[in-house]
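Biologist: Before we use any of these labels, I would like to go through the reasoning behind them, one term at a time. Could you put the structure up so that we can both look at it?

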Amino acid sequence: MALLEVKDLTKSYGEVEVLRGIDFTIEPGQVVAVIGPSGGGKSTFLRCLNLLETPTAGSVRFDGEELTGRGVDLNRLRSRMGMVFQHFNLFPNMTVLRNVVLPQMNVLKRSKAEAEAKARRLLERVGMLERADAHPNRLSGGQKQRVAIVRAAAMDPKLMLFDEPTSALDPEVVQDVLDIMSELADDGMTMVVVTHEMGFARKVADRVVFVDGGNIVADLPPDEFFSDDNTNPRIRTFLDKVL
C-alpha cells in the first residue's frame with residue numbers, strides 16, 4: 001500500500017493555477033527527487049503534501065488517512081512527517097540540543113532523558129554533538145541544516161519532506177548535507193526531496209519527478225530520466241541548462 005497518495009491535486013492563488021490536477025504516490029522506503037524549473041510548482045506541491053499549503057481541490061492520503069478530509073487531526077498526522085526547509089527554522093533562543101529535544105517532548109510526549117538520549121545519538125552521527133550547547137547564531141549554514149535534519153529525524157517520521165535543503169548553503173558544505181540525506185535514504189527513510197542537485201537525484205533517488213507548469217511532466221527512474229535516450233524536448237532543454 002502506498003504511504004502517500006495524491007489524487008487530482010490543484011492549487012490556485014486567485015486566477016493563477018499553480019498546480020493542475022497532479023496524481024502522485026510514494027511507497028515506503030522510496031526516495032523521490034522532485035526537480036524542474038523555478039516557478040514550475042515544485043515547492044507548492046511539496047507544501048501541499050502536509051497541508052502547509054491548502055489544496056484548492058483534490059485529495060492527499062497519508063499512512064491510511066485522508067489529510068484533506070473534514071475533522072482530521074492535522075497535527076497528529078504531521079507529527080509523522082518530517083519537514084526540512086531552505087532556511088533551517090531553528091529556534092534562535094534555544095541551544096542545538098534543546099531544538100532537538102523540545103519537539104520530541106511536546107509532540108511525542110517523550111521524557112526529557114529519552115529525548116536527550118535520542119538527540120545526542122543523532123547529533124553525534126552528523127558530527128554536531130560537540131555543538132550541542134551552542135545557539136544557532138553560532139553555527140554555520142551547513143551546521144544549522146544538519147541540526148534541522150536531526151530535529152526532523154528525531155521525531156521518527158514515516159516520511160521526510162525536503163524543500164531545497166541545500167539552496168541557501170555555501171557550495172563547500174552542500175555535499176556534507178547531501179551525504180547525511182544519503183545516509184537517511186540508506187537507512188530506509190521514505191523521502192520526497194525538492195532539489196537542484198542533479199547528482200543527488202541521479203545517485204540516491206529511486207524516482208525523478210519533473211514538475212513544470214504545475215504538472216508532473218515525467219516520473220521516471222534516474223537512469224531513464226538522465227539517459228541520452230530521453231527525447232522529451234522540455235526535459236532535454238532543462239537538462240542542457242543544469243548539467
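Biologist: Which residue of E7 is the bridge partner of Met81?

Modeller: In this predicted model, the partner of Met81 is Leu159 in E7.

Biologist: What makes E6 and E7 a strand pair?

Modeller: Pairing requires at least two bridges between two strands, and E6 is joined to strand E7, residues 159-163, by four bridges, with the two strands running parallel. The criterion is therefore met.

Biologist: Why are E6 and E10 called edge strands?

Modeller: The sheet is open and has six strands in the order E6-E7-E8-E3-E9-E10, with mixed pairing. Strand E6 (81-84) and strand E10 (215-220) each have a single partner strand, so one side of each remains without a neighbour in the sheet. On average, and ignoring direction, neighbouring strands in this sheet are turned by 15 degrees against each other.

Biologist: Which helix lies across E3, E7 and E8, and how is the helix oriented relative to E8?

Modeller: That is helix H6, residues 171-186, which lies across strand E3 (31-35), E7 and strand E8 (191-194). H6 runs at about 155 degrees to E8, and because angles over 145 count as roughly antiparallel, that word fits the direction of H6 against E8.

Biologist: How do you know that E1 and E2 are paired?

Modeller: Strand E1, residues 4-13, and E2 share eight bridges in the antiparallel sense, where at least two are needed; one example is Glu5, whose bridge partner in E2 is Thr25. Both strands belong to an open, antiparallel sheet of four strands in the order E2-E1-E4-E5, in which strand E2 (16-26) and strand E5 (65-66) are the edge strands, each pairing on one side only.

Biologist: Why are H3 and H4 described as oblique to each other?

Modeller: Helix H3 (residues 96-107) and helix H4 (residues 112-125) pack at an angle of about 130 degrees, their axes lying 9 Å apart. Roughly perpendicular ends at 115 and roughly antiparallel starts over 145, and H3 and H4 are therefore oblique. H3 passes H4 in a right-handed crossing.

Biologist: What kinds of residues make up the contact of H3 with H4?

Modeller: Among the residues that meet are Val96, Leu97 and Gln104 in H3, and Lys112, Ala115 and Leu123 in H4. The residues of this contact divide into eight nonpolar, one polar and four charged.

Methods
Residues are numbered from 1 along each chain as its sequence is written. This is a predicted model: local features need pLDDT of at least 70, side-chain atom pairs count only at pLDDT 80 or more; totals for chains, interfaces and linings use all residues. Side-chain values use heavy atoms; hydrogens and water are left out. Axes are lines fitted to C-alpha atoms, for helices over the stretch in contact, and angles run from 0 to 180 degrees between N-to-C directions. Angles under 35 degrees count as roughly parallel, over 145 as roughly antiparallel, 65 to 115 as roughly perpendicular and the rest as oblique. A crossing is left-handed if the near helix is turned anticlockwise from the far one by less than a right angle, and right-handed if clockwise. Contact means heavy atoms within 4.5 Å. Ala, Val, Leu, Ile, Met, Phe, Trp, Tyr, Cys and Pro count as nonpolar, Asp, Glu, Lys and Arg as charged, and the others, Gly among them, as polar.
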